[in-house]
Amino acid sequence: MDLYLSHNLKDNLFLMMYPVRSSRMPYDDASHMKARIKPIQQKVELEVAINTEKNYSTIKGEDIGRAVNEANTQKGNSTDFYSSRIMDKQVLSSMKVDSSDRYAVGVLKNKALHITPVQGILQLRPSFDYINLAESANSTSRLDNSNSGNIKSDSEEEEEMKPVTIRYAVAESDQAKAYRFNSHAYLEKKNAEEQWIDAEFVGQDDGRATMEKEMLICGNTEEISCDYGIFSKGYLDALMPPPVTEASITVNPENVLSITQLKTMNLPEQIKCVLLSAKAMQFAQLDTILSKSPDVNDMTVIQCLQQMAILVQGCWIIKSELLYPKGTTSPITGIPSEMLCLARDYLLWKFTQSRLTSRKEIAAVVKLPSEDLKEIMTQVAHLRVTKGWEFCLPYDHQFVERYPEIARRQSQHWEKKYQQLKLRLKLPSQSTSNQSDTSQDKKPDTNKDGTIISGQDRVKLAKRLATKHVNANVDIDHEKSSKIGNVKSETVEDKIVGKSSFKDSNHNNRVKEEPMDLDNPTIDNGNGIARYNSSNLEDDGDISNPPDELVKVVKQWLNETFDRSIYSLETLKRRLLLYQSTLKESDFMAKGVSDITLKRCMKEVGITELDYMPLTSNETSQLYVKRKLNESNDKYREVLLDLFKDKAKLRRKEIVSAMVERTGEAPNDKQYLKIVKDICTNKGSMWLLNPSHL
């Protein structure tokens, strides 16, 4: 059978559906009184007559007709909507159906099939906007009638003077403009601007309809020659090809390109595709993935890489302009790509200065919606609990040492980029010392013999120092106060809770500790690593007698921090580090707080160490709690804390019995739940100690 494609009606052929109308009750016999269309929106309205002789309430029809005509008159229309004073017609309004580009209408004639593509599919449903207009008009008239008795004449009383608020137009930002263009009200306004075009409805038996149907048949079929040499096996595939997305795009796990696909691309396309998928990579990883010819060396790869990526901490990050092309918007909030690129560049610049940053700090500068900012940060950073957002890859010392000139040029690029960001985001000027300490071409950390210290060695060193720190705390607690002044300077240095760095006097190089690690309590507050040395300790005097100002601020911090919960010593130190990171270097607490000072202040504010039975023999944490909160429930709280001396798990019956025995009365259910939930957690029918780890 021959198949012909007709183009006579391809721009004006629509398929109309009636989803709420039964197929046994078509509109073929109904009289179509009026029709109109909006070609751009592909919207159609039909006025269809209603049979008032059968299954029809005349009284209701007259009421509706009168109300609609009155509302139409109030709107300013001179003609009545229902000319017969009765509801004798209804309006069918269309709604466009998506994915109509693969449908066609076919006509079989002379053993040949003629098909015409469908421009759109419309679903027609009854519309009652005119009735809603009548109801709103009736409610308005009733309101006017109720207020008519309260209106005073001009002779009785002059009109009361009211203050008027004058507002001046403010320049609209790009973000506000994007929100307005994507709003429902704006789209409705644009749709309402298109005028209706009156049309004439022609029945299927009319001669004009027959002439239109003839246009569905392709004319001059004898002059058409087929240029396709397709056999029957591939004929259907050529007629209805599969969607392009299914054929050309292979969705791999985690959106990773296959090696087979990379081999079909040239070198720049390979680099672009890999970076768009990974967002951030080290050079060694990228060089392993790329499929390149033997004559392509590393410098050729780097030249292509510099056109599509930038260097951050020795790692290559896809440029913001490639990730968010110009003219596009955010798929989440509709923010323009220019604002997304600006925010992402500022975030990457922050990572050239430090491995850690906070979302609150970034949001205060870039002023992006939280959804967009989180999407940008998750591409290049990982969230660390109690630390902040950390750069997703370790510092690539190998690349920086192998190609120092590339690292130097990238550092100069970031200096220029910061000047642009400073103008657009109104940032403060960057100090010279900070630039020198955080540049891309800085030397990697070294130890005393000048060898490079790897990341794993730095972690092991921090853990050994933390072990010394814990052992020293236990030993000093049992020593007399007279022996504290003889503690070696390196032991005292380990005991300082605060910001520290280890300095080698021979090579004058620093091994910077990883910030906010439990095994290594050190933090960078953005002003550089705060140092501790023995000279500062000697100036301040014996650590057993700290300054009164330091004791005062530590006690104040403990009162604000300690609530009803139980805290371990490690948790308190972690909270202290977080608090110190917000202080200035001139503050007393920013210089460091020793364990002795911390424990002394805790004792003075009523915080005592809890004697408890651990769940396991390996559990050796020191727990601290406020036994008295100056409340009526303190007597029950002390009983509960004492019960954990002999048992690690308690039942409700045991707790209530002990409270009655010690206090002479039992708490009510509300008091009981409040007391146990402050310091315990429930597992099954047992209550266990629940020290806070936040």
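Here are some notes on this predicted model, from the whole chain down to two helix pairs and their neighbouring strands.

1. Ground rules. This is a predicted model, so local features need pLDDT of at least 70 and side-chain atom pairs count only at pLDDT 80 or more, while totals for chains, interfaces and linings use all residues. Residues are numbered from 1 along each chain as its sequence is written, and side-chain values use heavy atoms, with hydrogens and water left out.

2. The whole chain. You'll find 27 helices and 26 strands here; helices (H or I, at least four residues) and strands (E, at least two) are DSSP runs, numbered from the N terminus. Of the 694 residues, 37% are buried, meaning under 20% relative accessible area with a 1.4 Å probe and protein chains only (exposed is over 50%, partly exposed in between). Take the contacts (heavy atoms within 4.5 Å) with a separation of 6 or more: residues 24 or more positions apart account for 66% of them.

3. A three-strand sheet. The order is β13-β15-β14, in an open sheet with antiparallel pairing. β13 (356-357) and β14 (381-384) each have a single partner strand, so they stand at the edges with one side lacking a neighbour in the sheet. Two strands count as paired if DSSP finds at least two bridges between them. As a reminder, strands of a sheet pair through backbone hydrogen bonds, either parallel or antiparallel.

4. Who faces whom in that sheet. β14 and β15 (residues 388-391) share four bridges; Arg384 sits opposite Gly388, and Ala381 sits opposite Phe391. On the β13 side, two bridges lead to β15, with Thr357 opposite Trp389. Have a look at the β14-β15 hairpin too: three residues lie between the strands, and Thr386 takes a positive phi near 65 degrees.

5. Helices α14 and α15. α14 (residues 359-366) and α15 (residues 370-380) pack at about 120 degrees, with axes 11 Å apart. Axes are lines fitted to C-alpha atoms, for helices over the stretch in contact, and angles run from 0 to 180 degrees between N-to-C directions. That angle makes the pair oblique (under 35 degrees is roughly parallel, over 145 roughly antiparallel, 65 to 115 roughly perpendicular, and the rest oblique). Arg359, Ile362, Ala363 and Val366 of α14 meet Ser370, Leu373, Lys374 and Met377 of α15. These residues divide into five nonpolar, one polar and two charged; Ala, Val, Leu, Ile, Met, Phe, Trp, Tyr, Cys and Pro count as nonpolar, Asp, Glu, Lys and Arg as charged, and the others, Gly among them, as polar.

6. Helices α22 and α24. Further along, the axes of α22 (residues 548-561) and α24 (residues 595-604) come within 9 Å and cross at roughly 60 degrees, which makes α22 oblique to α24. α22 brings Leu550, Val551, Val554, Lys555, Trp557 and Leu558 to the contact, and α24 brings Thr597, Leu598, Arg600, Cys601, Met602 and Glu604. The split is eight nonpolar, one polar and three charged.

7. Strand β22. Both faces of β22 (residues 623-626) are covered, with Leu623 and Val625 buried on one side and Tyr624 and Lys626 buried on the other. β19 (residues 566-568) runs antiparallel to β22 over two bridges, and Tyr567 stands opposite Tyr624. β21 (residues 607-609) is also antiparallel to β22, joined by three bridges, and Thr608 has Val625 as its bridge partner.
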